[in-house]
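Grab your viewer and work through the exercises below one at a time. Try each task yourself before you read the solution.

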Amino acid sequence: MKYDKIIIKTELPGPCAKKLIAIDEKFVSHSYTRDYGMVAKRGEGPFVEDVDGNVFLDFSAGIAVCSTGHCHPRIVNVIQKQAAELIHMSGTDFYYEPQLRLAEKMSQITPIDKASDSNPVMSFFGNSGAEAIEAAIKMARNKRRRPRMMAFIGAFHGRTLGALSLNGSKIRHHEYFHPLVPGVVHAPYAYCKRCPYGANYPGCNLECVDFIKKTLFTKIISPDDISAIIFEAVQGEGGYVVPPVEFVKAMRDLTREHEILLIVDEVQSGMGRTGKMFAIEHFGVKPDIIATAKGIASGMPLSVTCATREVMNWKPGSHASTFGGNPIACAAAVETIDILEKELIANAAKIGEHIKTRLVAMQEKYQFIGDVRGLGLMLAIEIVDNKKSFNPDAALRDKILHMAFAKGLIILGCGPNSLRFAPPLVITREHADMMCDVLESIFKSIVE
Ligand code: PLP
């Protein structure tokens, strides 16, 4: 191991970083959202070194992507081997083994409703989370031949126009881009800490589900027009919101009742991050379609949308992508899944529990930590003015992000006022404590 601690030896951003940021400012799209000036040079495990030789502890994993850590030697090895053998051929027109091996593996690990030997889980390959969602939308329309979809407030499914139409987390994602794909209706999500109905879980009788059944489905949209309901088992961009098990089960019952397909977006929550291969497994529900990307190939661009043969019954040419399921990305994914299954899923559950315990202890001490939530290594804290009034404090959240960066800790925000912790799944208890110690030192300085 080259790195084992945070080392900050220049002002931040440092002189080399500043020069590169100036080039970025001039030539790179300003649509990207950079909170601070982290210019990465190399990475190893949960550490990233910047261009000035500063070493950071990375609790963002490239937005929940580097599941096996930065440059895991086994992943580097398969990428190098595959690159020397075959870089591209296009699985849309030809066959190659890495893609088939990955499809076979996805079929074994993906919890899809009514899957069997005669109705196996099949895979469609793309390059990004948004593409996984586009495939899911088209798959559902093709199967159900119904024009409409239902999604949730707080949802984030990507930035291509189809995926964007399903989003409900930020106006910035939508403004000036209309008209979007028509026919989407949004329902409030089960964000119990800020229940849109002012109710208190568990004594609420799931008013959010009642609203869908008794109001949306009788006054706004006919369930017979809906091809699919799509949701994130744990809302990501929306604030790492974990819904109650009953809410997710109710979505399954509702979709069965009306022959609507249930799509689970596991782009961020999948591939071991929550301490199970897929977050939906925490809820005892099997959807009809699962969309995955981010952590699946340890940083190689890849997405996989899975459904049974019966659901994915489209005709040749109806959907495809030249680069989707590239040999290198697929080889990296097969290796990633093996590492996840053998070590990292269990590690995510164990270390996640440890971090959560420490965050809860901090919540008891600090008035501005309104909520600690999440599963495995998909954790967040919500920053508020104080626990009683529970008003979101986005400015303080942003200040904490910057203070963390200054202390060599890379974290990102999510939702309007939350901090997310999405480290590589390789972190040890020592890395977890290192992160918690930095965080606590920031919290202390805020109240001093
Ligand atoms: N779905 C979810 C749940 C996501 O978190 C994201 C990205 O953050 C996407 C879809 C879109 O993924 P991508 O940015 O790879 O298109």
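**Warm-up: odd backbone spots**

Task: find the loop in which E259 sits, and check the sign of its phi.

Solution. Start with the place: E259 lies in the loop between α9 (245-257) and β8. Helices (H or I, at least four residues) and strands (E, at least two) are DSSP runs, numbered from the N terminus. Next, the torsion: phi of E259 is near 50°, a positive value in a residue other than glycine. Before going on, note what you're working with: this is a predicted model, where local features need pLDDT of at least 70 and side-chain atom pairs count only at pLDDT 80 or more, while totals for chains, interfaces and linings use all residues. Residue numbers start from 1 along each chain as its sequence is written.

Task: which residues does a cis peptide bond join, with omega about -10° in one case and about 10° in the other?

Solution. One pair is L12 and P13, with omega about -10°. P13 belongs to the segment before α1 (15-27). The other pair is Y201 and P202, with omega about 10°. P202 falls in the loop between β6 and α8 (207-220). For background, most residues other than glycine have a negative phi, and most peptide bonds are trans.

**Exercise 1: the domains**

Task: split the chain into its domains and describe how they touch.

Solution. Step one is the split: domain 1 covers 15-72 + 347-447, and domain 2 covers 75-340. These bounds come from an automatic or database domain assignment. Step two is the spacing: the C-alpha centres of domain 1 and domain 2 are 26 Å apart. Step three is the contact, where 26 residues of domain 1 meet 26 residues of domain 2 (contact: C-beta atoms, placed from the backbone, within 7 Å). On the domain 1 side, α2 (61-64), α10, β11 (369-375), β12 (378-383) and β15 (418-421) each supply at least two residues. That side of domain 1 divides into 13 nonpolar, 9 polar and 4 charged residues. The classes work like this: Ala, Val, Leu, Ile, Met, Phe, Trp, Tyr, Cys and Pro are nonpolar, Asp, Glu, Lys and Arg are charged, and the others, Gly among them, are polar.

**Exercise 2: the sheet of 7 strands**

Task: what is the strand order in the open sheet of 7 strands, and which strands stand at the edges?

Solution. Walk across the sheet and you get β4-β10-β9-β8-β7-β5-β6, with mixed pairing (two strands pair if DSSP finds at least two bridges between them). β4 (121-126) and β6 (184-187) stand at the edges with a single partner strand each, so each has one side without a neighbour in the sheet. On average, neighbouring strands here are turned by 20° against each other, direction ignored (axes are lines fitted to C-alpha atoms, for helices over the stretch in contact, and angles run from 0 to 180 degrees between N-to-C directions). Now zoom in on one pair: β8 (residues 261-265) and β9 (residues 289-292) run parallel and are joined by 3 bridges. V264 stands opposite I290 in β9. Finally, add the helix: α5 packs on this sheet, touching β4, β5 (148-152), β7 (226-231), β8, β9 and β10 (303-308), and its direction makes about 25° with that of β10.

**Exercise 3: the ligand shell**

Task: how many residues surround the ligand, and which helix gives the largest share?

Solution. Count 15 residues around the ligand, the closest being G129, A130, G158, V267 and Q268 (near: C-beta atom, placed from the backbone, within 6 Å). Helix α5 (residues 129-144) gives the largest share, 3 residues. Sorted by class, the shell has 6 nonpolar, 6 polar and 3 charged residues.

**Exercise 4: the sheet of 4 strands**

Task: lay out the open sheet of 4 strands and place α10 and α11 on it.

Solution. The order is β11-β12-β15-β14, with antiparallel pairing. β11 and β14 (412-414) are the edge strands, pairing on one side only. From one strand to the next, the twist averages 30°. Between β12 and β15 there are 4 bridges, and A380 stands opposite R420 in β15. α10 lies across β11, β12 and β15, at about 170° to β11. Helix α11 (residues 394-406) lies across β12, β14 and β15, at about 35° to β15.

Terms used
Contact = placed C-beta atoms within 7 Å.
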